[in-house]
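Okay, thanks for coming, everyone. I'd like to walk you through some side chains today, so let me put the sequence and the structure up on the screen.

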Amino acid sequence: AFPAQDFWLRAPTADEIIAMTLLAISHGARGIVGWQFPTTPEIQAVTTLFAHKVMGTGAVKRFGGLGKFVLGAKGFSVFPADVKLPAGAPVGWHPHPGIYQDPVEGKAWPVGSELLLIVVNSGDTDVGRVNFRPEFFEAGEKLTRVKDMPWGDGEPWVVDSKANELVRSGMKAKESFVLVAEFS
């Protein structure tokens, strides 16, 4: 699919393949299928790690795995309450001509007292502070803590209990996160 095709100049990077995978899940995909194997060593390594950390036995034991949420609950599109874009940063591409969006988007699936959140910065620019407020919560429901972050590196997401938001100081271009938060 990637090599020797007129419409691909190169194979995707590890960050790009995970961003595309998580965006597909966020937009309704219920399965992930690679279409070229063998693939590059970078893609092989990152997709193997992703499968283990997000869908493997350890993930199922820790938080029920991705399927518990994505296949068993209604998802809600969540848009950042606030994303700090650098001056002059390009606005994100949208599949419908003339419509543009922030490069950071997310999808949330509540199950019981837990919330799975997928967050992707699909832009080519790093962004500053990102915060998500679950607008779909019932009156009085509050985020209590981040239980697990099966995908994503570096600084963790935290709960701002005063604002009832999940917050992180920034995201790199093409960076993706999967996290599980608890609420009551």
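**Glu114 and the aromatic pairs**

Let's start with one contact: the side chains of Glu114 and Lys68 are joined by a polar contact of 2.7 Å. Bear in mind that this is a predicted model.

So where does Glu114 sit? You'll find Glu114 in strand S4, which covers residues 114–121. And is Glu114 buried or exposed? With a relative accessibility of 8%, Glu114 counts as buried, because the cut-off for that is under 20%.

As for its surroundings, leaving out anything up to four places away in sequence, Glu114 touches Lys68 again, plus a set of others including Phe63, Phe69, Trp109, Lys147 and Val180. Phe183 is also among the residues that Glu114 touches, and that one brings me to the rings.

How many aromatic pairs does the structure hold? There are six, and I'll show you two of them. Take Phe137 and Phe183: the ring centres are 4.6 Å apart and the planes sit at 35°, so this pair is tilted. Phe137 is in the loop between strand S5 (130–132) and strand S6 (143–151), while Phe183 belongs to strand S9 (residues 176–183), so the pair ties together parts that are 46 residues apart in sequence. Both rings belong to buried residues: Phe137 has a relative accessible area of 12%, and Phe183 comes in at 8%.

Now the other pair, Trp157 and Phe177. Here the centres are 5.7 Å apart and the planes are at 80°, so we call it edge-to-face. Trp157 lies in the loop between S6 and strand S7 (158–160), and Phe177 is in strand S9, so parts that are 20 residues apart in sequence get tied together. Trp157 is buried at 3% relative accessible area, and Phe177 is buried too, at 0% relative accessibility.

Back to Phe137 and Phe183 for a second. Which aromatic cluster do they belong to? They form one with Phe76 and Phe136.

Last thing, confidence. The protein has a mean pLDDT of 82, and 82% of its residues reach 70 or more. The stretch to watch is residues 89–100, where pLDDT stays under 50. The model does have eleven contacts for that stretch beyond four places in sequence. But where pLDDT is low, the predicted coordinates shouldn't be read in detail, so please don't pick over the contacts of residues 89–100.

That's it from me, happy to take questions.

Notes:
Residues numbered from 1 in each chain as written. Heavy atoms only, no water. pLDDT = per-residue confidence, 0-100. Contact = heavy atoms within 4.5 Å. Phe/Tyr/Trp six-rings, centres within 6.5 Å; stacked < 30°, edge-to-face > 60°. Helix = DSSP H or I, 4+ residues; strand = E, 2+ residues; numbered from the N terminus. Buried < 20%, exposed > 50% of the residue type's maximum accessible area, 1.4 Å probe, protein only. Polar contact = N/O pair within 3.5 Å; in protein donor to acceptor, adjacent residues only side chain to side chain.
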